[in-house]
Amino acid sequence: MTLPGGFDDLECWVAEWAIGEEAARNRKRLASSLDQLQAYYNALLPRMDAIIPHLNQYSLDALAPAEQTLLEMALMFMEVAPAVEIYKHPDVPWGFVAERFHILPA
Amino acid sequence: MNKPDFDTLHPYVRQYSDLGTGPVPVMPVVSPEYFERERETIFKKMWLNLGRVEDIPNPGDYVVRDIAILKASIILVRGDDDQVRAFHNVCRHRGNQLVQGSGNAKGFSCGFHGWTYDTQGQCVFVPDEEVFFNLDRSQTGLSPVRCETFAGFVFVTVNPSAVPLVEYLGGFGQQIGDFPFQTMQRMHTLKADVNCNWKVFIDAFQESYHGRFVHRLTAAAAGCVDDDPYAHLTSVRLYGPHRSASVPFNPEYQPTPAEALSFKYAQSLWLHEGNAGAQRVPGTNPAGHPNWLFDINVCFPNFFVDVSSSWFFTYHFWPVAVDRTHWEYNFYMLPPQNAGERISREYSKLYLRDLLREDLSTVETTQAGLSSGAIEHMILSDQEVAVRHQYKVVDDMVNGRWVG
Ligand code: FES
Ligand SMILES: [Fe+2]
């Protein structure tokens with residue numbers, strides 16, 4: 001098990017969707033179909049109100065590996081959300097080409 | 001019978017009547033000669049922002065900025081005396097560039113023959129010094145570039161007779177100066193090399209007219225409601241060459257499920273108490289509008305500091321050629337105290353990131369259209385007063401008419 005106890009239902013998403021960097025999460029979104037994004041969104045949305053209180057018990061800079069994985073899943077939910085909720089498309093349909101738009105960490 | 005009040009549709013031409021109402025020539029965004037004059041009369045004369053003091057927090061921290069429009073490479077460095085300084089990245093021996101990128105250093109040693117400078121720019125070591133002729137190392141420090149800070153923003157100018165920065169910023173600085181910039185931290189940086197003129201690029205970010213079209217799926221938070229379908233700017237302020245405009249919030253705005261989650265665990269992008277409580281955060285909503293979303297703040301010539309209640313972001317538009325611009329965006333929010341705030345802010349960050357892909361989608365096609373020569377003028381509305389102001393200021397400077 002890679003997630004904290006109580007989140008076994010999300011275990012099947014970890015291998016593909018727990019990604020550490022924003023740019024890599026965005027690439028995963030763009031490489032997915034809208035159906036795949038919708039499935040991930042549907043799995044995470046009802047669990048966010050359990051995920052966040054669980055993670056809030058710990059210091060953000062010192063998360064254990066299982067909690068870190070859960071955080072990355074939640075961040076990926078936010079990455080997927082605009083595609084599912086707003087654009088109904090994995091990418092920004094008329095957006096400036098993604099390959100020329102560089103995302104750098106803070 | 002009540003006739004509609006003409007002036008409510010044209011408030012800014014009344015406020016700034018010297019800008020006029022006529023068409024604006026296209027030539028300044030397509031002419032290579034004009035671009036060269038902008039280099040000399042604007043970019044080599046004005047104060048230019050190179051970042052924030054937090055970019056180099058510790059003594060010895062440095063960052064090199066290659067500024068194509070100045071044909072210069074500039075080192076920003078925090079000296080061991082904690083002072084932030086700027087130097088030309090040029091060795092005093094035979095002119096080699098000293099360093100690239102960023103990092104922390106005790107000093108800078110030239111790779112060509114080993115001349116070495118400390119973090120205050122003093123020349124501290126010349127190999128085989130005795131073979132030179134009356135060399136006085138106190139006179140061979142790095143060439144300084146004028147560098148001043150305002151509200152934590154680091155500016156430089158290569159103009160030795162530029163007025164002090166605070167005077168240059170004037171009322172613009174007074175408007176934004178008390179915003180709590182230093183309490184926020186960078187969330188990410190976005191960059192792109194874009195094939196358009198720097199002014200065309202800026203224009204895409206200094207009016208709300210495009211919202212209903214370019215942001216047709218994302219502009220619901222801004223005006224774009226029945227009684228304000230085009231999200232009219234609620235106020236505009238011109239400060240010499242700088243300008244500021246306020247964008248309205250849609251009080252009927254309904255967040256998506258993810259944004260509602262975001263708002264539940266931290267301040268969100270749009271749903272902030274500042275919408276109801278004007279003036280709540282210093283340096284924002286200067287007109288005190290009850291439905292306020294954010295302020296567009298354009299620091300002439302190429303720098304934006306847009307502020308809202310719980311975030312700010314900056315744009316830098318660095319001209320490379322008449323039809324090429326390097327764009328950089330930095331987004332800042334309060335540092336997250338827990339995972340819930342971290343996750344919440346991810347929504348805000350990504351929403352704006354995707355929205356910027358929409359904004360950038362128009363500027364290359366606009367430049368291509370303007371470069372075709374098909375039209376000689378642009379036709380501007382009262383809502384595009386900031387666009388009009390930019391061309392006026394630039395043209396006045398390029399032609400030596402600018403006063404103040
Ligand atoms: S050019 Fe730098 S040491 Fe010679
Ligand atoms: Fe926009």
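Before the structure itself, one definition: helix axes here are lines fitted to C-alpha atoms over the stretch in contact, and angles run from 0 to 180 degrees between N-to-C directions. With that in place, a word on the source: this is a predicted model.

I'll start with a helix pair in chain B. Helix α8 (residues 257–265) of chain B packs against α9(B) at an angle of about 140°, and the two axes are 8 Å apart. Angles over 145 would count as roughly antiparallel, so at about 140° α8(B) is oblique to α9(B). The crossing of these two helices is left-handed. On the α8(B) side, the residues in the contact are B:A258, B:E259, B:S262 and B:Y265. They meet B:G340, B:E341, B:S344, B:Y347 and B:S348 of α9(B). By class, that contact holds three nonpolar, four polar and two charged residues.

Chain A has a helix pair to set beside that one. Helix α4 (residues 48–55) of chain A and helix α5 (residues 65–87) of chain A pack at about 135°, with axes 10 Å apart. That angle makes α4(A) oblique to α5(A). The crossing of α4(A) and α5(A) is left-handed. From α4(A), the contact uses A:M48, A:I51, A:H54 and A:L55. From α5(A), it uses A:E67, A:L70, A:L71, A:A74, A:F77 and A:M78. Sorted by class, the contact of α4(A) with α5(A) has eight nonpolar, one polar and one charged residues.

Next, the metal site. Which protein atoms are donors of the iron ion, ligand 2? They are NE2 of B:H210, NE2 of B:H215 and OD of B:D359, lying 2.0 to 2.1 Å from the ion. Along the chain, the donors follow the spacing H-x4-H-x143-D. B:H210 sits in the loop between α6 (198–203) and α7 (211–214) of chain B, while B:D359 is in helix α9 (residues 339–371) of chain B, so this pair ties together parts that are 149 residues apart in sequence. Are these two buried or exposed? B:H210 has a relative accessible area of 17%, so with the cut-off for buried at under 20% it counts as buried. B:D359 is also buried, with a relative accessible area of 5%.

Now some loop residues, again in chain B. B:G152 is found in the loop between β10 (144–150) and β11 (153–157). Its relative accessible area is 16%, which makes B:G152 buried. Leaving aside neighbours within four places in sequence, B:G152 is in contact with B:G51, B:R52, B:V53 and B:E54. For reference against the α8(B) region, the C-alpha atoms of B:G152 and B:P257 are separated by 36 Å, and the two residues are 105 apart along the chain.

On backbone geometry, there are three items. Where is the cis peptide bond? It joins B:F300 and B:P301, with omega about 0°. B:P301 lies in the loop between β15 (292–299) and β16 (303–307) of chain B.

The other two items are positive phi values in residues other than glycine. B:D128 has phi near 55°, and B:N134 has phi near 50°. B:D128 belongs to the loop between β9 (123–125) and β10 of chain B, and B:N134 is found in the loop between β9 and β10 as well. B:D128 counts as exposed at 51% relative accessibility. B:N134 counts as exposed at 80%.

Notes: Residues numbered from 1 in each chain as written. Chains lettered and ligands numbered in written order. Predicted model: local features only at pLDDT ≥ 70, side-chain atom pairs only at ≥ 80, totals over all residues. Heavy atoms only, no water. Donors = N, O, S within 2.8 Å, 3.2 Å for Na, K, Ca; no water. Helix = DSSP H or I, 4+ residues; strand = E, 2+ residues; numbered from the N terminus. Buried < 20%, exposed > 50% of the residue type's maximum accessible area, 1.4 Å probe, protein only. Parallel < 35°, antiparallel > 145°, perpendicular 65-115°, else oblique. Left-handed = near helix turned anticlockwise from the far one by under 90°. Contact = heavy atoms within 4.5 Å. Nonpolar A, V, L, I, M, F, W, Y, C, P; charged D, E, K, R; others polar.
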